[in-house]
Structures are given as C-alpha cells and as structure tokens.
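Work through the exercises below with the sequence and the 3D view side by side. Try each task before reading its solution.

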Amino acid sequence: MDLSSRGPAGLFLRIIAEPRPLWWRFAFAGTVVAAALVLRLGLIAWMVEFPPYLLQLPAIIVVALVCGAECGLAAIAVLVGVNAALLPEGPDGGVAPSALASLLSFTVNSFAVWAIAGLVRTTLRRLDSAHAALLSAASEQTAVVATLEALLQHAPVGFAFFDAQRRFIRVNEMLARIDGIPAREHAGRSLADMLPQLADAVTPSLERVLATGEVIADVELEGATPAAPGVWRHFLVSYFPVRTSSEAISLVGMIVVEITERKRAEKAIAASEQRYRLLAEALPKMVWTSSPAGTGDYYNHRWAEYTGVEAPPGEVVEWHAFLHPEEKGGVMGAWEASLASGNPFSRECRFRAKDGSYRWFLCRAVPVRDEDGRVDRWYGSCTDISEIVAAREALSRTNEDLERLAAARTMQLAETNTLLKQEMEERLRAESQLRQAQKMEAVGQLTGGIAHDFNNLLTIIIGNIEAAERRVPADPGDTRTQEIKTQEIRRFLDYGRQGALRAAILTQRLLAFSRRQPLDPRPTDVNRLVTGMSHMLRSALGERVMVETVLAGGLWRTEIDHNQLENAILNLAVNARDAMMDGGKLTIETANAYLDEAYCAEHEDLEPGQYVAIFVSDTGMGMSDDVRARAFEPFFTTKGPKDGTGLGLSQVYGFVKQSGGHVMIYSERGDGTTVKLYLPRLEETPSVPEPAPPRTDGETRAAPAVVLMVEDDDQLRTMGAATLREAGHTVIEAEDASAALDALSRGARPDLLFTDVRLGDGMDGRGLADEVKRRLPRTRVLFTTAYARNAVVHQGRLDPGMKLLTKPYSQSELVTKVNGMLDEPALRGAVLLVEDEPFVAMVASQILEDQGFKVTVASHGEAALSHARNAKADIGRDALVLAIVDIGLPDMRGDEVVRRLGEIAPELPVIVATGYATQDISQMFGGRVDVGVISKPYDGATLVAALERLGFRPQGQG
Ligand SMILES: Nc1ncnc2c1ncn2[C@@H]1O[C@H](COP(=O)(O)OP(=O)(O)OP(=O)(O)O)[C@@H](O)[C@H]1O
Ligand SMILES: [Mg+2]
C-alpha cells in the first residue's frame with residue numbers, strides 16, 4: 001500500500017492516523033452512535049421487518065477505527081443498553097427469547113468487530129508513523145550528500161578518491177588546479193599514468209590504507225606536476241579510508257594541500273634566523289635575550305668564553321650571580337624597573353670573568369613587543385668598556401697634569417717663537433750680507449771690466465804720448481830731423497787721441513747703463529730720426545746686409561734725447577750685423593703701441609699707457625736662452641775681446657729705462673732677433689718747435705766776448721781757455737767758485753759763465769751761477785759735467801733753459817757751444833715775477849731768461865707794486881714788459897695785485913699763475929685780453945705758450 005497516496009485509501013489512513021483530542025473522538029463517536037440509533041428507530045418504525053442491528057455494527061467499526069478502542073467500547077455499551085431497553089415483550093410478558101438471543105448475538109458480534117477494528121487501527125497508525133520516519137530520514141540524507149558535495153567542490157584543499165585498483169574515481173576542482181589536469185579527465189585513470197613523478201610516493205600509502213583502514217595524516221610530498229613542469233613543489237597529503245556498504249573498504253580518500261610557499265617562507269626564516277644567530281655569535285660583545293619575566297633564554301658564545309659557564313639555549317642562567325657585589329643591588333633594581341615599565345635598560349657594571357677578575361661592561365636591553373603591545377622578548381648586549389672606563393679615570397686624573405703641561409708647552413712655544421724670531425732676524429741679516437756681498441761682487445766685476453778696458457786704452461794713450469815725447473828733437477835747430485819727427489809725433493798724438501776718444505765712449509756707455517747720463521730730451525718724430533740715420537746705417541752695416549724700414553703713418557711723438565736714441569739704434573744695428581755674418585736683412589719698424597695694465601704688472605718700472613715703439617729685427621743667428629738672459633749685462637759679450645766690449649745693449653737698456661721706456665729682446669737660436677723699444681708718448685703737443693739741427697762745425701763766429709771759465713781740473717781749464725782765446729774771446733780762468741766771485745768783485749763783467757757743476761769744496765757750479773746771475777743778470781751760463789745727477793739735472797732731464805756741455809767734450813764742441821750761446825738774441829725787456837715760492841720762482845726765472853727776459857722776482861704783493869712804481873719812474877731801470885703774478889701771496893691776493901698793477905701801468909700785460917681752476921680765475925678778469933692764465937704747477941712749454949698768446953714769440957734754445 002502506498003502510504004503517501006491521495007486516493008480513498010490515503011484518506012482513510014489519514015482519518016485513522018490523524019491524532020485527535022479526546023472530546024473530538026467522543027463527540028464523533030456519540031454522533032455516529034446517535035445516527036445509528038435514530039436510523040434504527042426510524043427504519044423500524046417505517047418498516048417493521050427491518051433487522052434492528054444492521055446499521056449498528058458498522059457504527060461500532062467506524063467509532064473503533066476513527067476514535068479508538070475506548071470510544072468503541074463506550075459505543076458498544078450505549079448500543080447494547082439502548083437495544084436491551086428496546087427489547088420487545090414476549091407473549092409471556094417477558095422478553096422474547098429470540099429477541100434476547102439476537103441481542104446476545106449482537107453483543108458478541110459487536111465485541112468481535114470492535115476487536116478487529118482496534119487491531120486494524122493500531123496497525124495502520126504504526127505503519128503511518130513508520131512511513132513518516134522513513135520520509136524524514138531520506139530527506140536528511142539528501143541534505144548531507146549536498147553539503148558534502150559543496151564542501152568537496154569549494155574546499156581550499158585538493159580531494160581525490162581512488163578505487164581499490166588505485167584509479168581515480170573523482171577529484172575536486174582544487175586538486176585539478178594543483179595537478180594541472182581538468183577534473184573530468186581523472187575518472188578511471190591510474191596515478192602512474194597521470195602523475196608519474198608522484199605515483200611512487202603516493203601508491204604505498206594508498207595500499208596501506210586499503211589494507212589496514214588506518215588514516216595516514218600529514219605526509220610531505222615533493223615533485224613537479226603538469227601544472228608547472230620543472231617547478232619543484234611541496235605538498236602536505238593525508239589519506240583516509242571510505243567504507244560505502246559493508247565493513248570492507250571500498251575507496252581511499254586523499255587530501256592535498258600545497259605548501260610550496262610555506263616551505264619557502266620557512267626556509268627564508270631559517271636562513272634569516274641563522275644569519276642573525278651568526279651575527280650575534282660574531283659580535284665581539286655578549287649578546288642575549290630574555291623572556292618578559294627577565295629570565296635569560298639565549299646567550300652567545302662570548303658569555304661562556306668570558307664567564308666560563310655554558311648557557312645552552314632555553315636553559316635559565318643566573319646571570320646576576322656574575323655581577324660585582326658592589327653593583328648587584330643597583331643593576332637588579334634597574335633591570336626590575338625596566339621589566340615593570342617596559343623602558344629600555346642601560347647600565348654600566350662589572351661582571352666576573354672565569355679567572356675571577358672583573359671587567360666593566362655597558363649593558364643595554366630593548367624590549368620587542370607583540371601586536372597587542374605586550375613585551376614579547378628583551379634583546380640585550382654587554383659591551384666591554386674596561387678600556388674606556390680606565391681612560392676616563394685616567395683622563396680625569398690627568399686633567400690637572402694636562403693643564404700644567406699645556407702651560408709648560410705654551411711657555412716652550414713662546415721661547416721657540418722668540419728663538420725663531422731671532423733666527424729670522426739673523427737670516428735677514430745674513431741675507432742682506434749676502435746681497436751686499438753679491439752687490440760687491442757685481443761691482444767688483446764691473447770695476448774689473450772697466451779697469452781692464454781703461455788700462456788697455458790708457459796703455460795706448462800713454463804709449464803714444466811717450467812715443468811722441470821721445471821724438472821731440474833734442475836740438476831745436478835741427479830743422480830737417482824736426483820735420484820728420486813732427487810728422488811722427490802727429491801720428492802718435494793721433495793714436496793717443498783715438499785711444500782717449502774710445503775711453504770717452506766707454507764712460508758714456510757706462511753712464512748710459514747706470515741711467516745717469518745727462519739727457520737732453522726733445523720732442524721727437526722717430527720716423528724722421530730713423531730716416532735721417534739711413535745713410536749712417538748703410539755705411540755701418542756694409543753691403544751684405546739689406547736695410548728695410550717700415551714706418552707707421554701718424555706716429556706719435558716722444559720726448560727723447562736724439563743722440564742717445566741714434567746711438568741705441570746704431571748699437572742694435574751693429575749687433576744685427578754681427579749676427580748676420582753671411583748677410584741678411586735688418587728691419588726697423590715703428591708703431592704706436594699701448595702697454596696695458598696686465599703687461600706692465602709683469603715688468604718693473606713700467607706705467608701702462610701709450611708708447612712709440614721701435615722694432616729692430618734681423619735674420620741672424622739669434623740668441624740662446626742664456627745669452628738672451630744676460631744680454632743687457634754690461635761687459636757681457638760673446639764676441640772676442642777685439643770685437644765687442646759687451647756695453648752695446650746695456651747702453652740701450654739704461655737709456656730707454658732712464659727715458660721712462662721699456663725694452664725687450666725676442667730671439668730664438670737660428671731664427672733671428674727682434675729688439676723692441678717702447679718710448680713714452682709725448683702727451684701735449686708743445687708749442688716749442690723742434691730746434692734747428694745744431695751746427696756741427698767749430699767755425700761759428702761770435703762777437704768777441706768775455707768768458708769766465710771755472711774748472712778745478714787745471715789741465716782741462718788751461719786747454720779750454722786756450723781754445724776759447726784762439727776763438728777770439730777774453731777768458732778769465734778760475735779754479736773754483738770763490739776765485740770766480742773774486743774776479744767779479746775785482747770788476748770783471750763776463751758775458752758768459754762756463755762752469756763745471758762740481759767744483760771741489762765749497763759752492764758748486766749751480767750756486768755760483770745763481771750768484772753771478774744775481775749780480776749780472778745778463779750773463780749767460782754754460783754748465784759742464786761728466787757725472788751729473790745734481791742740481792742741474794733733475795730726474796735725468798736738464799732744467800729748462802739750462803745749457804750743458806757734457807764731458808768729455810772736444811775743443812771744437814766747446815767753441816761751437818760757447819759761440820752758439822753768445823749768438824743768441826739780446827734780452828727782450830724786464831719781467832716782474834710775483835711769486836713767494838722760491839723754487840717756483842727759480843724755475844720760472846730760468847725759463848724767462850732763456851726766453852731772453854730780464855727777471856725781477858718779488859715775493860710779496862707790496863714789493864711788486866713798489867718795484868712797478870719805480871720802474872715806471874725809470875731811473876735807469878729796464879722797462880717792464882710783463883708781470884707774472886701768483887694768486888696766493890702772503891700779504892694780498894694776486895687778483896688785487898693785478899688790479900693795482902693795472903692802475904700803475906695800464907698797458908702792462910699780465911700772466912696769472914694759479915693753483916685753482918683756470919676758468920674761475922679768467923672770469924675774475926672779465927675777458928681782459930692782456931691777462932693770461934696758467935695753472936700751477938707749470939712747465940717751460942706751458943709758460944712759453946702763455947707768453948706766445950700775449951704776443952711774445954718763443955726763442956729757440958741753444
Ligand atoms: N741681434 C743679435 N743677434 C744675436 N745675438 C745678439 C744680438 N744682439 C746682441 N747679441 C748678443 O748679446 C751680446 C751682448 O751684446 P752687446 O751689444 O751688449 O755687446 P757686444 O755686441 O758683444 O759688444 P759691443 O756692443 O760693446 O760691441 C752679444 O755679444 C751677442 O752675443
Ligand atoms: Mg753690440
């Protein structure tokens with residue numbers, strides 16, 4: 001019977017099996033009994049013959065089936081009672097036996113039916129509950145199966161099931177992913193076929209599980225899989241038996257977890273751990289760790305080495321037992337405090353070594369915390385600081401010593417310093433002595449050179465004079481021999497003169513080198529000078545040397561001594577000739593040049609600025625570096641004694657330097673030489689024209705005059721006087737200044753004073769000239785000097801208006817010079833010079849006298865005015881033609897003087913000399929044409945130019 005069917009049987013079963021409350025069952029039973037009784041009574045009444053119990057038995061069955069046994073019994077009782085009551089009376093008035101028999105039968109039947117119905121009901125109900133239990137069990141199993149299936153598919157581990165033949169039955173997705181073969185391809189295939197590399201390791205375990213039914217857990221496996229060929233992978237595998245029906249094992253399950261990554265991490269951790277352990281062991285200090293409670297659980301070997309007590313890992317070490325008793329309390333207190341607070345621990349303390357000695361250690365420990373912030377472990381170290389502690393103690397002990405030492409050292413240093421200073425002073429002294437010695441040596445060399453050359457020349461001169469003397473005839477009457485001898489004497493005298501002239505050139509060159517020769521610089525056009533030398537050059541250089549000149553157009557002018565420049569160029573040309581034995585080319589080039597700051601900084605005594613350059617080049621043999629370095633030295637020559645004195649280039653050098661210029665040699669051995677001369681450009685174009693070339697013949701004629709000749713060298717004086725007398729002049733000789741002044745006192749009135757600048761003791765030539773001029777202003781003065789860096793020559797230049805004849809001079813030169821001066825035009829009138837500064841007055845007087853004026857100097861304004869008044873009143877004085885007035889006078893202003901001079905002599909031209917801006921002064925005189933202004937300090941050219949502006953034509957200098 002289908003217990004769950006919906007047909008009448010199902011309905012019937014549900015009616016019977018349905019558990020119902022008691023009241024419902026009695027109510028239902030009552031209803032059914034009542035219905036049966038009503039129907040019996042009704043039907044009996046309707047048809048008399050109707051069997052009275054026909055419907056009552058089914059009612060009892062229904063009640064017993066639906067409402068249970070107790071309700072059935074109750075129904076039987078009610079029905080039997082009612083039926084008994086309804087029994088018909090028999091004829092005897094009692095109950096008819098048939099009716100009673102029917103009732104009895106009915107009662108018996110009722111119980112029989114009741115019993116059967118009760119059995120049916122119980123059976124059906126039991127069946128129903130069994131069916132329900134079955135149904136629920138089945139549904140539970142389905143859920144379990146579904147859960148297991150889901151678990152299998154989604155498990156993060158691989159599952160595989162094998163049959164007894166060790167063939168795959170099924171695997172989950174994870175396993176397929178692990179071995180790299182799709183899940184569906186596993187079923188029915190063998191392990192050896194699919195995973196040959198792992199089969200050997202897996203098979204024994206499968207067999208063991210099949211045989212014994214035991215579970216094998218966590219077996220490590222390694223090898224490559226098709227998922228990653230060549231990659232070595234690690235797995236953790238478990239095996240378990242599966243019993244499906246009987247007790248027999250039908251399947252083996254396998255769980256696979258890949259642990260390749262874990263293995264790698266473990267390896268890395270192990271390696272790192274080993275590294276740190278090695279590090280800890282390698283450290284030269286004791287390293288340890290401790291639990292949060294403070295018990296040490298690791299000590300490196302240093303601990304055992306030092307204390308002599310091994311500390312196997314994990315064992316408790318009573319480290320504090322090794323502390324020095326003095327520190328124990330403090331250290332333990334600090335360590336406990338750190339454990340309690342979790343703050344780092346640091347302490348210096350002594351530990352006992354295995355030999356019983358103690359050493360100092362710096363112990364530190366830091367806590368490492370877990371993720372909850374609790375201290376997980378302490379990491380500590382103990383560093384041996386015994387040396388440091390000892391040093392520290394020693395340091396503190398020796399600090400005082402050090403201070404003492406420092407003081408001592410400072411004193412020592414001071415002493416050394418003093419010694420050093422002394423040494424330096426000594427060295428300086430020694431150096432200066434050395435310099436002095438070197439200087440002396442140089443002087444010695446020079447003197448030796450000079451002496452040698454002079455001796456040679458003197459030998460020539462003396463020899464010739466002696467030879468001449470020997471030929472002076474003993475008997476003056478012997479005219480015949482006298483004639484022969486006179487010729488010889490002349491020859492010897494000629495030789496002697498030549499020797500003397502060479503000696504003169506020698507001294508001139510020496511003076512040139514020492515930059516002490518008196519120079520007579522004049523504004524010069526170098527191009528003209530070079531052109532003028534061409535004839536001389538060609539004859540000096542001979543035919544084999546070609547001369548070329550390259551002269552710059554617009555060449556600036558320079559103020560230079562003509563003779564010396566010619567000498568210099570000639571010297572260079574001769575050197576060039578000597579360097580070109582087989583001929584060659586000499587080039588003289590001129591140019592404007594600018595020497596800049598950088599260039600001048602590299603050379604001594606050189607100002608940056610504009611220069612006139614002269615380059616003398618040859619194509620000769622050139623100079624070696626050594627020769628070039630020494631070429632300017634006097635007496636340095638590479639030529640034989642007869643060919644060179646070694647004074648040529650030193651003359652060039654000395655002269656150029658003295659003139660404020662610069663000279664350089666550029667030369668390479670075999671490549672020729674260029675010597676470059678730089679002469680300072682003449683800044684102002686002077687109004688003084690270049691003088692006419694001096695007359696070179698001694699035949700100049702001057703009107704006979706009186707010459708006062710002052711010379712302390714008797715011979716020279718006598719000779720000069722004789723020459724001048726020969727030229728027609730009257731000569732008064734004086735050997736010194738006082739003799740000369742005596743002559744004046746005796747009434748002599750010389751037209752010209754010819755005096756040496758140096759005059760023995762007493763007054764020198766300059767002083768004498770001043771005195772003579774004071775007494776006889778018209779007297780002209782001619783100085784002579786051999787060596788002059790004194791009053792006549794300032795910085796190598798002649799004071800303007802001075803005349804100078806340099807020694808040695810020839811007699812004809814003397815005559816030419818004297819005559820030239822006497823020939824100069826007469827004085828041009830008197831000038832009143834108002835100037836309180838004596839030096840300026842002196843210079844200006846000289847210039848004015850050179851220009852032919854008679855000069856009266858007034859140092860004060862009042863004096864000037866009174867002189868002008870006297871001059872106006874004549875009384876035998878020279879008429880004033882000009883006044884030169886200084887603005888700053890002691891007693892009144894210069895402009896006041898000029899104004900009052902104007903009142904005295906309205907036509908008198910005036911030059912105002914001022915130290916202020918000239919425009920301001922010019923304005924003061926409101927455009928008076930007869931007032932010129934010059935600014936102080938002024939030189940000859942400026943004054944001459946101012947004179948010219950007022951109509952006084954300049955006069956040439958002699
Ligand atoms: N143009 C040149 N080429 C090669 N060497 C030269 C030239 N000029 C000078 N020298 C060298 O420099 C030396 C010195 O020259 P310096 O003119 O001073 O004396 P010198 O020519 O030897 O003698 P002096 O000029 O007195 O006759 C020379 O001896 C020569 O060696
Ligand atoms: Mg020379």
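**Exercise 1. Decide which residues of β20 are buried on each side of the strand.**

Solution. Step 1: find strand β20, residues 752-756. Helices (H or I, at least four residues) and strands (E, at least two) are DSSP runs, numbered from the N terminus. Step 2: apply the cut-offs. Buried means under 20% relative accessible area, exposed over 50%, and partly exposed in between, with a 1.4 Å probe and protein chains only. Step 3: read the two faces. Leu752, Phe754 and Asp756 lie on one side, Leu753 and Thr755 on the other, and all are buried. That makes 5 of 5 residues.

Before going on, note the ground rules. This is a predicted model, in which local features need pLDDT of at least 70 and side-chain atom pairs count only at pLDDT 80 or more, while totals for chains, interfaces and linings use all residues; side-chain values use heavy atoms, with hydrogens and water left out. Residues are numbered from 1 along each chain as its sequence is written, and chains are lettered from A and ligands numbered from 1 in the order in which they are written.

**Exercise 2. Find the strands that pair with β20, and their direction.**

Solution. Step 1: two strands pair if DSSP finds at least two bridges between them. Step 2: look at β18, residues 706-710. This strand runs parallel to β20, with 4 bridges. Valine 707 stands opposite leucine 752. Step 3: look at β21, residues 780-785. Here 5 bridges join the strand to β20, again parallel. Threonine 755 faces phenylalanine 783 across this pair.

**Exercise 3. Trace the partners of β17.**

Solution. Step 1: locate β17 at residues 673-680, where 6 of 8 residues are buried. Step 2: take β15, residues 609-618. β15 and β17 are antiparallel and share 8 bridges. Tyrosine 611 sits opposite proline 680. Step 3: take β16, residues 662-667. β16 and β17 are antiparallel too, with 6 bridges. Serine 667 is opposite threonine 673. Step 4: inspect the link. β16 and β17 make a hairpin with 5 residues between them, and glycine 670 in the turn has a positive phi of about 85°.

**Exercise 4. Place leucine 677 in a nonpolar core.**

Solution. Step 1: define the core. It is a set of buried Ala, Val, Leu, Ile, Met, Phe, Trp, Tyr and Cys residues joined through side-chain atoms within 4.5 Å. Step 2: pick the largest one. It has 36 residues, and Leu565, Leu586, Ile614 and Leu677 have the most contacts inside it. Step 3: list contributors. Elements giving two or more residues include α14 (526-541), α15 (562-579), β14 (584-595), β15, α18, β16 and β17. Step 4: check the contacts of leucine 677 (contact means heavy atoms within 4.5 Å). Beyond four places in sequence, its partners include Leu565, Leu572, Ile614, Val652 and Val656. In general, nonpolar side chains in soluble globular proteins tend to be buried together.

**Exercise 5. Describe how helix α18 is covered.**

Solution. Step 1: mark α18, residues 648-658, with 10 of 11 residues buried. Among the buried ones are Leu649, Phe655 and Lys657. Step 2: test glutamine 651, a residue of α18. Glutamine 651 counts as buried because its relative accessible area is 2%. Beyond four places in sequence, glutamine 651 touches Arg509, Ala512, Phe513, Gln564, Asn567, Ala568 and Asn571. Step 3: test glycine 654, also in α18. Its relative accessibility is 0%, so glycine 654 is buried. Outside four places in sequence, glycine 654 contacts Ala512, Phe513 and Arg515. Step 4: look past the helix end. Glycine 660 follows α18 and has a positive phi, near 80°.

**Exercise 6. Is valine 157 buried or exposed?**

Solution. Step 1: place valine 157 in the loop between α5 and β1 (158-162). Step 2: compare with the cut-off. Valine 157 is buried because its relative accessible area is 19%. Step 3: name the neighbours. Beyond four places in sequence, valine 157 touches Asn172, Met174, Ile255, Val256 and Val257. Step 4: check one distance. The C-alpha atoms of valine 157 and methionine 174 are 6.0 Å apart, and 17 residues separate them along the chain.
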